[in-house]
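Work through the exercises below with the sequence and the model side by side. Try each task before reading its solution.

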Amino acid sequence: MTGGTLSLALGGLILFAVGAYLSATGALSQGIVFMAAALALQILSLVRLRQARNKIVNKDDGDARG
């Protein structure tokens with residue numbers, strides 16, 4: 001997992017918290033926009049994690065001889 005993936009995930013969490021706060025304090029439309037942006041960042045980070053996992057799995061060719 002690289003720093004870029006971690007920053008996407010952390011940014012998504014922070015944006016979601018900001019969106020939840022804004023929605024709770026009355027700025028509903030702004031809160032929804034922040035939560036949608038957070039969802040996009042979380043999806044990007046999950047895609048990067050899946051790509052990294054597939055890269056590791058594809059390196060293993062099943063040869064037990066080492």
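Buried here means under 20% relative accessible area. The model is predicted.

**Exercise 1.** State how many helices and strands the chain has, and what share of its residues is buried.

Solution. Start with secondary structure: the count is 2 helices and 0 strands. Next take burial. Of the 66 residues in the chain, 14% are buried. Then turn to the surface. The accessible surface is about 5,100 Å². Carbon and sulfur atoms hold 67% of that area.

**Exercise 2.** Compare the span of helix α2 with the expected span.

Solution. Helix α2 covers residues 28-59, which is 32 residues. The expected span at 1.5 Å a residue is 46 Å. From first C-alpha to last, α2 reaches 47 Å. The two values are close.

**Exercise 3.** Name the buried residues of α2 and a helix that helps cover them.

Solution. Gly31, Ala38 and Ser45 are the buried residues to mark in α2. Now look for their cover. It includes α1, residues 3-25.

**Exercise 4.** Decide whether Ser45 is buried or exposed, and find the residues it touches.

Solution. First locate Ser45: it sits in helix α2. Its relative accessible area is 2%. The cut-off for buried is under 20%, so Ser45 counts as buried. Then list contacts, leaving out residues up to four places away in sequence. Ser45 touches Thr5, Leu8 and Ala9.

**Exercise 5.** Find what share of the chain's contacts between residues at least 6 apart in sequence joins residues at least 24 apart.

Solution. Keep only contacts between residues at least 6 apart. Of these, 53% join residues at least 24 apart.

Methods: Residues numbered from 1 in each chain as written. Predicted model: local features only at pLDDT ≥ 70, side-chain atom pairs only at ≥ 80, totals over all residues. Heavy atoms only, no water. Helix = DSSP H or I, 4+ residues; strand = E, 2+ residues; numbered from the N terminus. Expected span 1.5 Å × (residues − 1). Buried < 20%, exposed > 50% of the residue type's maximum accessible area, 1.4 Å probe, protein only. Contact = heavy atoms within 4.5 Å. Areas by Shrake-Rupley, 256 points an atom, 1.4 Å probe, with all protein chains shown as cover.
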